[in-house]
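The following exercises are to be worked with the sequence and the coordinates at hand. Each task is followed by a solution in steps.

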Amino acid sequence: MTNQNPILNAYFRLPIQMVRGDGAYLFDAEEKQYLDFASGIAVTTLGHNHAHINHALEQQLRTLWHCANLFTIPEQQRFAERLTEKSFADRAFFCSSGLEAVETAIKLIRRYQYTNGHTRRNHIITLENGFHGRSLACLSAGGNDYAREGFGPLLEGFTAVPAEDIAALEAAITDHTAGILLEPVQSEGGVYPLDHTYLREVHALADKHALVLCFDEVQTGFGRTGSLFAYEQIGVTPDILTLAKGIGNGFPLAACLMTDAVAACITPGSHGSTYGGNPLAMAVGNAVLDALESPELLRNAAEISAYLAEQLHALAAEFPSHITAIRGVGHIWGIEVKRSARDYMLRCINAGLIVTKTSNDRVLRLLPPLIITRTQVDDAIAMLHNVFDA
Ligand SMILES: *Cc1c(COP(=O)(O)O)cnc(C)c1O
């Protein structure tokens with residue numbers, strides 16, 4: 001026993017205690033209000049204290065919390081039907097966190113090749129500067145040197161190539177290659193939306209070499225980029241899609257979607273998750289999807305996104321000595337800054353605007369909920385303005 005903080009020191013944690021949330025706002029223990037342009041890192045996409053989602057969760061918690069996947073779970077069935085109807089996918093697997101969805105995807109890529117007789121094909125091509133979570137497999141697929149240090153040996157069979165270099169990707173394909181795993185928008189890596197032509201070329205290469213293509217949409221999925229899934233804007237479909245973060249609006253929930261061709265490699269007993277798809281999580285998932293089906297919400301979000309982009313570019317034009325670039329799409333934006341992004345982040349939070357930074361400490365990241373209004377954008381821009389002006 002010591003007097004130290006009993007919580008593992010894995011985060012740069014601020015002493016501010018958040019005690020309440022409402023829409024796009026968080027309130028601390030002193031009732032100070034913060035405009036939440038981080039959404040718990042792309043999680044509370046529909047805002048805090050959402051009436052419809054709260055209601056669905058309350059209903060379900062009085063009915064049934066948990067039930068093993070030994071039984072048919074009606075809410076799970078319904079969520080899978082809706083997700084597959086709205087996407088390229090034929091099947092869904094549910095789990096509880098982003099890394100679990102990516103682990104599932106990595107296993108599916110290998111096992112698909114294995115069950116199709118290509119037992120030597122178990123290598124996966126990834127992109128440099130990618131992020132896929134913190135398990136050993138996910139760190140092997142992405143993750144920077146700092147996140148990997150001291151955790152070796154990592155898994156074999158991952159080759160990272162530079163993003164947007166199709167020749168490098170093609171050159172990396174060998175007899176051992178099983179699939180390609182990438183984020184359509186590299187988010188933790190600094191908010192880099194990948195060129196759509198490049199992504200279509202990646203798709204064509206995957207097709208040509210019979211590789212399994214997986215898009216990691218843990219951060220970009222569920223409305224973050226302006227469509228339910230980011231891939232819809234690219235014009236190609238992956239074979240596997242990973243989802244988490246926004247899918248549960250704060251409830252621990254994740255999914256891995258896939259085609260029937262991929263799904264055929266899994267048989268009862270070959271994969272699983274105890275909590276995956278439990279009734280509480282599925283009730284929330286369905287309610288989040290209900291809310292995202294609102295054409296008004298999406299129309300409004302598209303308008304606000306364009307307005308936010310315009311305002312951010314104006315800010316960059318006004319402060320060239322601080323800001324070197326603005327990148328983003330939908331409701332994920334990066335402000336590349338000349339000095340430590342963490343310093344700017346702390347000043348924003350102090351001013352009442354919650355933003356995050358990406359892992360390289362050179363990019364401030366804005367991840368507002370889809371429900372923000374024009375006035376809230378104006379407020380955020382005014383606070384950013386003050387921070388850059390100081
Ligand atoms: C956050 C993230 C993950 C990991 O999700 P966890 O829920 O933290 O395990 C994986 N991939 C991407 C693209 C992410 O942004």
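In which helix does S39 lie? The model is a predicted one, and the first exercise begins with this residue.

**Exercise 1. Backbone exceptions**

Locate S39, state its phi, and decide whether S39 is buried or exposed.

Solution.
- Step 1: S39 belongs to helix α1, which covers residues 39-42.
- Step 2: The phi of S39 is near 55 degrees, a positive value in a residue that is not glycine.
- Step 3: The relative accessible area of S39 is 0%. Buried means under 20%, so S39 is classed as buried.

As background, most residues other than glycine have a negative phi, and most peptide bonds are trans.

Now carry out the analysis for F222, and find where the cis peptide bond between G152 and P153 is placed.

Solution.
- Step 1: F222 is not a glycine, yet its phi is positive, at about 60 degrees.
- Step 2: F222 sits in the loop between β10 (212-216) and β11 (240-243).
- Step 3: With a relative accessible area of 0%, F222 is buried.
- Step 4: The peptide bond from G152 to P153 is cis, its omega being near 0 degrees.
- Step 5: P153 is found in the loop between α6 (145-148) and β6 (158-161).

**Exercise 2. The mixed sheet**

Determine the strand order of the open sheet that contains β1 and β15, and explain why these two strands have a side without a neighbour.

Solution.
- Step 1: The sheet has 4 strands in the order β1-β2-β3-β15, and its pairing is mixed.
- Step 2: β1 (18-22) and β15 (353-354) are the edge strands; each has a single partner strand, so one side of each has no neighbour in the sheet.
- Step 3: β2 (residues 25-28) and β3 (residues 33-36) pair in the antiparallel sense over 3 bridges. Across this pairing, L26 stands opposite Y34, and Y25 stands opposite L35.
- Step 4: β2 and β3 form a hairpin with 4 residues between them, and E31 in the turn has a positive phi of about 65 degrees.
- Step 5: β3 and β15 pair in the parallel sense over 2 bridges. D36 has I354 in β15 as its bridge partner.

Which helix lies across β2, β3 and β15, and at what angle does it run to β3?

Solution. Helix α13 (residues 374-389) lies across these three strands, and it runs at about 105 degrees to β3.

**Exercise 3. The antiparallel sheet**

Give the order of the open sheet that includes β13 and β14, and name its edge strands.

Solution.
- Step 1: The 4 strands follow the order β13-β14-β17-β16, with antiparallel pairing.
- Step 2: β13 (323-329) and β16 (356-357) are at the edges, each pairing on one side only.
- Step 3: β13 and β14 (residues 332-337) are antiparallel and joined by 6 bridges. G328 has W333 in β14 as its bridge partner.
- Step 4: A salt bridge joins R327 to E336, with the closest N and O atoms 2.8 Å apart. R327 counts as buried at 16% relative accessibility.

**Exercise 4. A salt-bridge network**

The structure holds 8 salt bridges. Which parts of the chain does the salt bridge between R82 and D290 link?

Solution.
- Step 1: The side chains of R82 and D290 meet in a salt bridge of 2.7 Å, N to O.
- Step 2: R82 lies in helix α3 (residues 74-85) and D290 in helix α10 (residues 279-292), so this pair links distant parts of the chain, 208 residues apart.
- Step 3: R82 is buried, with a relative accessible area of 12%, whereas D290 is partly exposed at 28%.
- Step 4: E293 and K86 form a salt bridge whose closest N and O atoms are 2.8 Å apart. E293 is in the loop between α10 and α11 (295-318) and K86 in the loop between α3 and β4 (91-95), so the pair ties together parts 207 residues apart in sequence.
- Step 5: E293 is partly exposed at 38% relative accessibility, and K86 is partly exposed at 29%.
- Step 6: R82, K86, D290 and E293 are linked in a network of salt bridges.

How values were computed. Residues are numbered from 1 along each chain as its sequence is written. This is a predicted model: local features need pLDDT of at least 70, side-chain atom pairs count only at pLDDT 80 or more; totals for chains, interfaces and linings use all residues. Side-chain values use heavy atoms; hydrogens and water are left out. Two strands pair if DSSP finds at least two bridges between them. Contact means heavy atoms within 4.5 Å. Axes are lines fitted to C-alpha atoms, for helices over the stretch in contact, and angles run from 0 to 180 degrees between N-to-C directions. A salt bridge is a side-chain nitrogen of Lys or Arg within 4 Å of a carboxyl oxygen of Asp or Glu. Buried means under 20% relative accessible area, exposed over 50%, partly exposed in between (1.4 Å probe, protein chains only).
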